[in-house]
Amino acid sequence: MRINLMWGNGSPLSGYTNVDPHSYDKEGVINSDITDLNDIVGDSEATEILVADVIDYLPKEIVAKAIGHWVTKLRHKGRIVIGGHDIYEITKIVSQQGISAEEISSVIHGEQNNPWEFKASHTTATDLAKTLEEHGLKILKKRVSGFKMIVEAVRP
């Protein structure tokens, strides 16, 4: 089973079980809590979990717990890909005045057009990779482009 976790405005992916806690009428999307996948997938059942631009919206104290839960859903050799905004890179770009004030607000705080579009926490690619390693995963890729980050890991 391949799972795509979304946060209100993502597009469902073909071939994936798409889960979004803020999608009430999107075809092909299960409306469910993304931090508790027990009703969707069993332990060690998922071959892949995609988590693009979701962790920034979760409170910091929930992020590590959610990642730990997602890892339990991965089968051996299963991979997880987590993306978001790297706060270290954001601050570098801000200090170099390489971003407008409007864009800074959107990147740090979210679009805020809906109640769920408020960002609750930030991390770095390095800290995200460390969290995945603490859960026993092997890091395959850690990329930062601009202020976007993606960390890919596999369960040995």
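Lysine 77 is exposed in this predicted model, with a relative accessible area of 67%. This lysine belongs to strand β5, and its phi is near 75°, a positive value in a residue other than glycine. Most residues other than glycine have a negative phi, which is the background against which such a value may be read. Glutamine 112 also has a positive phi, of about 65°, although it is not a glycine. The setting of glutamine 112 is the loop between α3 (101–109) and α4, where this residue is partly exposed, with a relative accessible area of 36%. A further positive phi, near 65°, is taken by glycine 146 in the hairpin of β6 and β7, which has 2 residues between the strands.

The table gathers residues for which a relative accessible area has been computed.

| Residue | Location | Relative accessible area |
|---|---|---|
| Lysine 77 | strand β5 | 67%, exposed |
| Glutamine 112 | loop between α3 and α4 | 36%, partly exposed |
| Isoleucine 49 | strand β4 | 0%, buried |

**The sheet**

In what order do the 7 strands of the open sheet lie? The order is β3-β2-β1-β4-β5-β7-β6, and the pairing is mixed. At the edges stand β3 (29–30) and β6, each of which pairs on one side only. Strand β2 (residues 17–19) pairs with β3 in the parallel sense over 2 bridges, and in this pairing valine 19 has isoleucine 30 of β3 as its bridge partner. At β6 (residues 138–145), the pairing with β7 is antiparallel and runs over 7 bridges, with arginine 143 standing opposite isoleucine 150 in β7.

**The nonpolar cores**

The largest nonpolar core has 32 residues, and those touching the most other members are Leu5, Ile49, Val51, Trp70, Ile80, Ile82 and Leu132. Two or more residues of this core are given by each of β1 (2–5), β4 (46–51), α1 (60–73), β5 (74–85), α4 (125–134) and β7 (148–154). The largest share, 5 residues, comes from α1. Apart from this core lies another, of 6 residues, among them Ile90, Ile99, Val107 and Phe147.

Is isoleucine 49, a residue of strand β4, buried or exposed? Its relative accessible area is 0%, and because buried means under 20%, isoleucine 49 counts as buried. Leaving aside its neighbours within four places in sequence, isoleucine 49 is in contact with Ile3, Leu5, Trp70, Lys73, Leu74, Arg79, Ile80 and Val81. The C-alpha atoms of isoleucine 49 and isoleucine 80 are separated by 4.7 Å, although the two residues are 31 residues apart along the chain. Valine 51, with sequence neighbours within four places again left aside, is in contact with Leu5, Trp70, Ile80, Val81, Ile82 and Gly83.

**The largest pocket**

Rolling a probe the size of a water molecule over the atoms shows where empty space is left. The largest pocket has a volume of about 220 Å³. Its lining is made up of 16 residues, and of these Trp7, Asn9, Gly10, Ala52 and Asp53 lie nearest the centre of the pocket. Sorted by class, the lining has 9 nonpolar, 4 polar and 3 charged residues.

How values were computed. Residues numbered from 1 in each chain as written. Predicted model: local features only at pLDDT ≥ 70, side-chain atom pairs only at ≥ 80, totals over all residues. Heavy atoms only, no water. 1 Å grid on protein atoms, 1.4 Å probe; cavity = no way out; pocket = protein on both sides within 12 Å on 5 of 7 lines; lining within 4 Å. Points joined across faces, edges and corners; volume = space filled by probe spheres on them. Nonpolar A, V, L, I, M, F, W, Y, C, P; charged D, E, K, R; others polar. Core = buried A, V, L, I, M, F, W, Y, C linked by side-chain atoms within 4.5 Å. Buried < 20%, exposed > 50% of the residue type's maximum accessible area, 1.4 Å probe, protein only. Helix = DSSP H or I, 4+ residues; strand = E, 2+ residues; numbered from the N terminus. Contact = heavy atoms within 4.5 Å. Pairing = 2+ DSSP bridges.
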